[in-house]
Amino acid sequence: MENYFLLFKTADAEKRAWRNLVAQRRSAITPIVELSRGKKKRNAGKDADGKPLTAEQLLSTFGVYGFERNWQTSLELLGDCEWFFLDLTREPSLSCAEIEQISGSNNGYEKWTSFVLDRRDEGISVRPTLIVNPAEEDDETSYVADLRSQFNTFASNFSEIAYRVAISEDDEFLFDLISLKGEIDSFQGSGGRFFVILDHEYVRPGNGLVHSKRTKQVISSIYSELKQVEIVVLATSFPKSVTDIGDEEHSIFRVEEMFLYEEVKKTHAKIKYGDYGSINPVRNDEVIITQGWRPRIDFVSRHNGLNTYYFREKRKVVGTTEVVVKGERKTKNILAPYSTHYRSVATKVTSFSPFYQAIRSSWGEDEIVAAAGGSVGSNSPSHWISVRMEIHISQVLKHFGCDPI
Amino acid sequence: MRKAPKRPIRTPVPALPDLDVDSLDTTERVIQYCIRHKLIDGVELDIERLIEKNPYLTLKKKPLPDGIDAYIKETSSNHFEIGVNSNHSRTRQRFSMAHEFAHYQLHRENLKGLEQGERILHRSDERNHLEYQANSFAAAMLMPEDYFREEVRKTQGDVAELAARFGVSSLALRYRAKNLGLKGHGV
């Protein structure tokens with residue numbers, strides 16, 4: 001089914017959400033898999049003297065991150081899908097030397113086309129995304145030649161090809177589509193399908209209307225060059241930090257990607273919907289939490305339109321203890337266990353009437369109900385991100401009336 | 001790989017509409033917009049021109065009562081007025097303008113929803129999440145992280161020099177440095 005395109009970034013929380021999504025729902029989604037660097041290997045990322053490498057050095061050093069393991073485990077998870085698009089991250093903080101190498105433009109993006117073809121030959125249902133990554137020394141002629149060569153390699157091996165653009169940042173992308181116009185027309189003429197994915201990345205709740213005005217114009221410009229392309233409007237409105245949107249303990253905000261899609265659809269009826277599964281585009285998996293975190297549970301509701309709400313608590317001080325720090329006696333607060341707070345916020349989430357809804361066969365909702373009953377599945381924030389994502393995906397399918405459950 | 005590839009092209013590309021001036025809902029988008037419209041001189045962002053380029057915003061510099069830096073209020077449907085206390089120093093006015101601009105980008109719906117007498121969101125010592133968000137946005141806009149780290153390196157953390165380059169007060173600069181986890185070299 002192609003009602004729902006999901007940008008699947010390959011962090012552990014997203015993999016957990018996908019594993020726990022029932023198979024029928026997984027098969028109702030078309031993922032766009034964005035391969036990223038994976039976790040840093042133990043003791044990697046240091047020079048010969050044991051000094052940590054700079055961010056720039058890390059990006060040019062091979063073997064620092066578990067990239068290969070990450071793509072293997074990610075692709076294994078997507079076996080249920082009829083097909084999915086494969087892409088590489090464009091987020092510098094999620095890249096690594098291996099990704100930079102694979103995305104090189106030389107010889108018609110040879111490394112990238114080989115990578116995708118190898119996966120197909122292994123029996124994985126991949127479809128390619130075009131990579132646009134000119135080298136410093138490329139001129140216009142070689143740039144276009146490499147792009148066309150990449151397209152032609154994919155066109156002769158696949159029936160679907162995607163092109164993803166960061167629509168808010170890349171204002172020259174029409175050049176690529178115009179340069180490939182002949183190839184795209186020919187590909188479509190022989191039954192191929194070409195998807196242009198307009199990736200808005202983060203759109204702040206409340207701002208969908210202003211973004212939609214421009215998106216409608218951009219789509220008109222695309223259609224004036226290529227009438228038959230299939231356009232996906234992709235975005236996410238989940239913030240980097242919930243306090244960017246709401247207050248410390250509770251807030252509710254619109255799933256703006258759905259609002260944006262519905263606004264654009266009023267003008268361009270054939271567009272398709274895409275989102276990040278309620279995940280922010282920027283992942284900072286190297287932040288070390290030293291001060292603990294405030295337990296929070298999110299829920300995506302279909303009551304009165306799609307909205308996300310959360311409840312969050314600061315950990316309570318339940319006593320004090322004496323500790324010795326550098327020979328000095330100090331009084332240290334004893335905080336309530338995380339599980340106590342997760343139980344409490346889960347109760348608040350399930351009591352938030354009429355926005356809270358029971359969802360049949362939803363692992364995420366089951367986790368919240370269990371936590372409210374005293375059985376907290378995990379005290380890890382990553383676990384609760386998975387819960388949010390699984391619920392978000394289930395609710396979007398229901399919103400479209402295409403939930404197979 | 002870049003989100004916006006550096007295409008080595010000479011052929012003119014059909015113009016796409018620029019990101020609308022009222023949809024700059026992340027500081028990264030504000031910075032990109034300012035770069036495209038040449039609103040950054042060196043590293044100092046021209047907040048005044050940024051506001052003036054927005055047809056839905058009117059900027060008024062005028063004396064305001066003691067304790068009030070600035071305000072934003074809706075003057076007609078979708079049109080807002082930003083008022084800045086002209087008695088304050090240039091750097092303080094710049095931060096106040098950035099703060100109110102942040103309210104416009106982040107909290108338009110909240111501004112509309114407030115009662116007549118409460119439309120003005122004063123910057124003050126009162127802490128609520130809207131004020132906190134506006135302050136964070138303003139600081140990140142006037143002192144973008146990448147520029148900030150680079151300038152700290154170039155000036156070896158000279159606070160007075162850095163504050164002059166970014167057009168902010170020493171206090172705002174130190175606060176930003178602290179939030180970015182920078183230590184030593186005077187910041």
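In chain A of this predicted model, strand 2 (residues 30-35) runs parallel to strand 3, and 4 bridges join the two. Strand 3 (residues 84-88) of chain A also pairs with strand 4 of chain A, again in the parallel sense. On the chain B side, there are 7 helices and 5 strands to look at. Here's the rundown, starting with that parallel pairing.

**Strand 3 of chain A and its partners**

- Leu35(A) has Leu88(A) as its bridge partner in strand 3 of chain A.
- On the pairing with strand 4 (residues 126-128) of chain A, the count is 3 bridges, and Phe84(A) sits opposite Val126(A) there.
- How buried is strand 3 of chain A? With 5 of its 5 residues buried, it is largely enclosed by the rest of the structure.
- The side chains split two ways: Phe84(A), Leu86(A) and Leu88(A) point one way from strand 3 of chain A, while Phe85(A) and Asp87(A) point the other way.
- Asp87(A) is buried along with the other residues of that list.

**The antiparallel sheet in chain A**

- Further along chain A there's an open sheet of 3 strands, ordered 8-11-10, with antiparallel pairing.
- Strand 8 (250-254) and strand 10 (296-301) of chain A are the edges; each has a single partner strand, so one side of each has no neighbour in the sheet.
- On average, neighbouring strands in this sheet are turned by 15° against each other, direction ignored.
- Strand 8 of chain A and strand 11 (residues 307-312) of chain A run antiparallel and are joined by 5 bridges.
- For a residue-level landmark, look at His250(A): its bridge partner in strand 11 of chain A is Phe311(A).
- Helix 12 (residues 338-350) of chain A lies across strand 10 and strand 11 of chain A, and it runs at about 20° to strand 10 of chain A.

**Two residues worth a click in chain A**

- Glu98(A) belongs to helix 5 (residues 97-102) of chain A.
- Is Glu98(A) buried or exposed? Its relative accessible area is 16%, under the 20% cut-off, so Glu98(A) counts as buried.
- Outside its neighbours within four places in sequence, Glu98(A) is in contact with Phe62(A), Gly63(A) and Phe67(A).
- Glu98(A) and Ala145(A) are 47 residues apart along the chain, and their C-alpha atoms are separated by 24 Å.
- Val318(A) is found in strand 12 (residues 317-325) of chain A.
- With a relative accessibility of 57%, Val318(A) counts as exposed.
- Leaving out residues up to four places away in sequence, Val318(A) touches Ile334(A), Leu335(A) and Ala336(A).
- Between Val318(A) and Phe151(A), 167 residues apart along the chain, the C-alpha separation is 62 Å.

**Chain B as a whole**

- Reading from the N terminus, the elements of chain B go α-β-β-α-β-β-β-α-α-α-α-α.
- Of the 187 residues in chain B, 50% are buried.
- Among contacts in chain B with a separation of 6 or more, 57% are between residues 24 or more positions apart.
- Chain B has an accessible surface of about 9500 Å², and carbon and sulfur atoms account for 47% of that.

**The mixed sheet in chain B**

- Chain B has an open sheet of 3 strands in the order 3-5-4, and the pairing is mixed.
- Strand 3 (57-62) and strand 4 (70-76) of chain B are the edge strands, each pairing on one side only.
- Neighbouring strands of this sheet are turned by 25° against each other on average, direction ignored.
- Strand 4 of chain B and strand 5 (residues 79-85) of chain B make an antiparallel pair over 6 bridges.
- Within that pair, Ile72(B) has Ile82(B) as its bridge partner in strand 5 of chain B.

**A helix pair in chain B**

- At what angle do helix 6 and helix 7 of chain B pack? Helix 6 (residues 159-166) and helix 7 (residues 170-179) of chain B meet at about 100°, with axes 9 Å apart.
- That angle makes helix 6 of chain B roughly perpendicular to helix 7 of chain B.
- Helix 6 of chain B brings Val159(B), Leu162(B), Ala163(B) and Phe166(B) to the contact, and helix 7 of chain B brings Ser170(B), Leu173(B) and Arg174(B).
- Sorted by class, the residues of this contact between helix 6 and helix 7 of chain B are 5 nonpolar, 1 polar and 1 charged.

Technical notes. Residues numbered from 1 in each chain as written. Chains lettered and ligands numbered in written order. Predicted model: local features only at pLDDT ≥ 70, side-chain atom pairs only at ≥ 80, totals over all residues. Heavy atoms only, no water. Axes fitted to C-alpha atoms, helices over the stretch in contact; angles between N-to-C directions. Helix = DSSP H or I, 4+ residues; strand = E, 2+ residues; numbered from the N terminus. Parallel < 35°, antiparallel > 145°, perpendicular 65-115°, else oblique. Contact = heavy atoms within 4.5 Å. Nonpolar A, V, L, I, M, F, W, Y, C, P; charged D, E, K, R; others polar. Buried < 20%, exposed > 50% of the residue type's maximum accessible area, 1.4 Å probe, protein only. Areas by Shrake-Rupley, 256 points an atom, 1.4 Å probe, with all protein chains shown as cover. Pairing = 2+ DSSP bridges.
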